[in-house]
Amino acid sequence: MKIAFMFPGQGSQVAGMGKDIYDNYEEAREVYNKVSKILDIDMCNLCFESTMEELSKTENTQIAIATMSLSILAVLEKHGVKAEIATGLSLGEYVALMYSGMLSIEDGMKLLKQRGYLMGNLVPDEKYAMAAVIGLDASIIEEVCNKQMEDGKFVVPANYNYSGQIVISGNEDAIENCMEIFKEKGAKKVIKLKTSGPFHTIKLQKASEEFAKCLENVEFKEPKIDVIKNIDGSIYSKEDNIKEILAKHIISPVRFDKAIKLMHDRGIDTYLEIGPGKALSGFVKRELEDANVYTLNNLDSLNKFLGN
């Protein structure tokens with residue numbers, strides 16, 4: 001069995017997430033306590049007691065999802081479950097970096113707290129939206145977005161989730177225009193998303209620049225396993241300027257489609273999504289019909305996988 005660990009991103013959060021695992025596993029409790037001390041935030045209160053509105057604020061979402069992912073990871077490690085390769089969607093890449101040993105939990109969680117604050121607050125004051133486009137070729141989506149940009153509107157591909165789905169991000173009016181055009185051009189489905197920030201676009205340039213300063217004094221170590229970069233779907237190498245990549249990550253499209261292809265090419269046959277939601281599992285299942293995919297997002301799914 002060749003295992004990949006996948007860590008979810010923003011949008012997968014749910015109120016009360018992770019509490020059943022916290023209540024049943026000492027390893028999970030230790031993670032919540034550790035992160036609470038690192039960030040000087042009561043992570044149990046944030047994850048288990050917050051309203052969905054509070055939890056969905058970017059500055060809260062990123063640290064909450066990462067903490068839940070790390071808590072499940074601690075349980076898996078206790079049971080000897082290891083991955084050959086790790087990846088994540090947006091903030092999930094930081095959990096992959098922490099798992100690989102490239103980034104300490106202390107530095108990783110502090111960076112996510114800063115990243116979440118900057119991405120939530122250093123955004124030009126405009127109306128934004130995001131939409132998922134399903135069943136339309138990437139070149140058509142890119143062409144339509146480029147035409148809107150030429151007309152003075154702002155809309156770009158932000159997430160290449162798998163070969164059949166791309167998320168676009170931009171000003172609300174441009175998103176509305178594109179949604180109609182995509183339907184006319186034969187998209188199977190076009191869905192407006194609840195997430196509304198212009199994430200992974202140039203609109204977050206200021207946040208990217210400020211985050212680069214946060215990265216300056218962080219130490220990155222040699223990884224124990226391979227980690228796939230969101231920015232281009234390749235493995236981190238010794239030659240990479242990781243600080244520059246993570247700063248650019250905020251304003252660059254996520255290439256999860258390329259991550260799926262790389263994992264498949266590397267002979268991965270078992271994919272574990274670790275954390276809230278099930279989006280990444282869905283992407284892999286749609287792309288790789290024969291893959292063994294497990295979504296570990298609550299006590300039942302975790303115990304079932306571990307055979308408890």
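**Exercise 1.** Which backbone nitrogen does the side chain of Ser-301 reach? Work it out, then describe the surroundings of this serine.

*Solution.* Keep in mind that we're looking at a predicted model.

- Step 1: find the residue. Ser-301 sits in helix H14, which covers residues 299-306.
- Step 2: follow its side chain. It gets to the backbone nitrogen of Asn-297, at 3.1 Å.
- Step 3: check for another polar partner. A polar atom of the Ser-301 side chain is 3.3 Å from the backbone oxygen of Thr-295.
- Step 4: list the contacts, skipping residues up to four places away in sequence. That leaves Thr-295 and Leu-296 touching Ser-301.
- Step 5: decide on burial. The relative accessible area of Ser-301 is 17%, and the cut-off for buried is under 20%, so Ser-301 counts as buried.

**Exercise 2.** Work out the strand order of the open sheet with 5 strands, then place helix H9 against it.

*Solution.*

- Step 1: write down the order. It goes E6-E3-E5-E4-E8, with mixed pairing.
- Step 2: pick out the edges. Strands E6 (189-192) and E8 (254-255) each pair on one side only, which makes them the edge strands.
- Step 3: zoom in on one pair. E4 (residues 155-162) and E5 (residues 165-171) run antiparallel and share 6 bridges.
- Step 4: get the register. Val-167 in E5 is the residue opposite Asn-159.
- Step 5: add the helix. H9 (residues 172-184) lies across E3 (128-134), E4, E5 and E6, and its angle to E5 is about 145°.

Terms used:
Residues are numbered from 1 along each chain as its sequence is written. This is a predicted model: local features need pLDDT of at least 70, side-chain atom pairs count only at pLDDT 80 or more; totals for chains, interfaces and linings use all residues. Side-chain values use heavy atoms; hydrogens and water are left out. Helices (H or I, at least four residues) and strands (E, at least two) are DSSP runs, numbered from the N terminus. Buried means under 20% relative accessible area, exposed over 50%, partly exposed in between (1.4 Å probe, protein chains only). A polar contact is a pair of N or O atoms within 3.5 Å; within protein, one must be able to donate a hydrogen and the other to accept it, and residues adjacent in sequence count only if both atoms are side-chain atoms. Contact means heavy atoms within 4.5 Å. Two strands pair if DSSP finds at least two bridges between them. Axes are lines fitted to C-alpha atoms, for helices over the stretch in contact, and angles run from 0 to 180 degrees between N-to-C directions.
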